[in-house]
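Here are a few short exercises to work through with the model open beside you. Try each task before reading its solution.

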Amino acid sequence: MAISSNRAIEHQSVADTSATAVILDLTEASALLGLSPNSLFRKLKAGKFPQPVLVGEPGFYAAGWFLEDLLAYAANQVDSFLGDPHEGEQRPERLNEEFVRDVETPGRYGNGRGGFGLSLLVQATKVEGSVSKTWSQRVSLDGRETNVGLGSYPGVTLEEALQRAKKNRRAIKQGRDPRIITTLTFGVAYAKMLERRVKGLGPESGSPAEWAASFRLYADPHIGDLKIDKISSHDIMACLDPIWFTKRVTATKLLRRIKAVMRWAMAHGYIDRDPTEYVRDGLGPNPSRPNHREYLHPDEVRSAITAIEESGSGLAVKGATKFLIATGLRNKEVRGLMWDEIDFAKAVCRIPGSRRKNGQDLDFPLSWAALVILDEARQRTGGVGLVFASPRGKAKMLSGEALRHVLRANGILAVPHGFRTSLTIFAKEKGWDDEIAEAALGHALPPRVIAYLRQQPPELRRTFMDAWATHAGFDSPPIFIPLPSRLPPYVATNPIYEGAQQYFK
């Protein structure tokens, strides 16, 4: 056991991490009692001095003493010369809340037989007429009597002190030393980590609530109560093995999240190695399977739109589904669309990064079909709040399953995300550049592609989306949107609709 003789030992609680106490190192203990370090060690060897508290990590333990134990030792030394100054004073056989609250006379007050060795030390402070009250427990460890600090009153009540004393007594019966300071559990570690990561987790990473839920379901039953420095690769494999091949995506996310907790613990000095390092080798390969979402061929989209328009679904969910098909946006991006995100003058909507997969804002050009759908929605909502609000309230988004339900109810064999695939197939079959299609879908692009797009006319994406709207069968009248900018005025065209100029006369 290494003895710390030149630094203060940072306090950690004993047995219960909520306990409050002060730990002094060798130098501070010697100065407090007026004893040289050699005299202190002689008394310790003779069993006439409080036993040290072990703090730190395995292999790096250091010795310290609880301040209340040292004060009790000093008080006992005075009492041995002067006698008990409280002799004849009425004390209860067992401590009670009233006595603990009212006692002002310095001294140590025991809890009687069967009180788990609990006692209250009342000590005069430097403030005249004021006293401090601290709890300690007399226990026998390795055949030697010693005191274990349990915190200060009133921060720790009599009932809480009794509970801690019971826990210490139970630990001793199990062969554990309650004085050894242990590190936090995995459950506490991930809770602390998530507190700091609330603002750092992006939409693609999952919310802190999702992280915590996955830990509760799969990690807590195996490692939730284990000290984080005791967790091995085998323990982590026990969490992942039941779902490694049956729930591949969930298992991969869970391993990544456990690794994040371990690296957080390493950064804070709780552990010195990452036990997840070789877990994949132990579990075996877990190749990702292609996720084939149901989609329609571009030539089948026209009939799907007709079925949606003729269905008895609500106007909001029908409009949201058609808008998703017309724009190729994601389900969440459409359901959360707000009126203040739309610039009708420039025929552009801005999707904030908080609602996008890659966390980046997206300026999306609106085709003539998308503008027609928005015009219909504006007549219903008045152009305030959510564009496609839930029937349950204007401030509520449509549910994540609302658009899926419309497709299933009308016999459309596709999922909302599948229309992005339809749009991609359309671009390839009609010979559009991949860069234009990828930009229209809002995918993150490499720098060279971004540089290429900057050299192209800014209306290329809009032209592409106009072409898609025409092919998909949005046969609403064209819309003329003035653009008060250096760009030429935008005139949406729809070859299907003849005589468009006469329509607006």
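**Exercise 1. Find the charge pair that Asp-375 and Arg-378 form, and place it in the fold**.

Solution. Please keep in mind that this is a predicted model.

Step 1: The side chains of Asp-375 and Arg-378 come together in a salt bridge, at 3.7 Å from N to O. That distance passes the test because a salt bridge needs a Lys or Arg side-chain nitrogen within 4 Å of a carboxyl oxygen of Asp or Glu.

Step 2: Both residues belong to helix H14, where they sit three residues apart, about one turn of the helix.

Step 3: Now for exposure. Asp-375 has 32% relative accessibility and is partly exposed; Arg-378, at 35%, is also partly exposed. Both labels apply because partly exposed covers the range between 20% and 50%.

**Exercise 2. Which residues are partners in the salt bridges of Arg-101 and Arg-404?**

Solution.

Step 1: Arg-101 pairs with Asp-102, with an N to O distance of 3.3 Å. Arg-101 is partly exposed, with a relative accessible area of 48%, and Asp-102 is partly exposed at 44%.

Step 2: Arg-404 pairs with Glu-401, at 3.8 Å from N to O. Here Arg-404 has a relative accessible area of 33%, partly exposed, and Glu-401 is partly exposed at 44%.

**Exercise 3. How many salt bridges does the count come to, and which residues are linked in a network?**

Solution.

Step 1: The count comes to nine salt bridges.

Step 2: The network of salt bridges links Glu-309, Lys-322 and Glu-376.

**Exercise 4. Describe the largest nonpolar core, then look for a second one**.

Solution.

Step 1: The largest nonpolar core holds 52 residues, and those touching the most other members are Phe-323, Ile-325, Leu-366, Phe-388, Phe-464 and Phe-474.

Step 2: Helix H14, residues 368–381, gives the most to this core, contributing seven residues. You met helix H14 in the first exercise, as the home of Asp-375 and Arg-378.

Step 3: There is also a second, separate core of 31 residues, with Met-193, Trp-244, Met-262 and Trp-264 among them.

**Exercise 5. Which residues gather in a patch of positive charge on the surface?**

Solution.

Step 1: The patch consists of Lys-166, Lys-167, Arg-170 and Lys-173.

Step 2: Take Lys-167 as an example; Lys-167 is found in helix H5, residues 158–173.

Step 3: Lys-167 is partly exposed, with a relative accessible area of 37%. Lys-167 therefore clears the accessibility cut-off for a patch, which is over 30%.

Notes. Residues numbered from 1 in each chain as written. Predicted model: local features only at pLDDT ≥ 70, side-chain atom pairs only at ≥ 80, totals over all residues. Heavy atoms only, no water. Patch = residues over 30% accessible without salt bridge, like charges linked within 9 Å, V, L, I, M, F, W, Y side chains within 5 Å. Areas by Shrake-Rupley, 256 points an atom, 1.4 Å probe, with all protein chains shown as cover. Lys, Arg positive; Asp, Glu negative; His and termini not counted. Charge placed at Lys NZ, Arg CZ, Asp CG, Glu CD. Helix = DSSP H or I, 4+ residues; strand = E, 2+ residues; numbered from the N terminus. Buried < 20%, exposed > 50% of the residue type's maximum accessible area, 1.4 Å probe, protein only. Core = buried A, V, L, I, M, F, W, Y, C linked by side-chain atoms within 4.5 Å.
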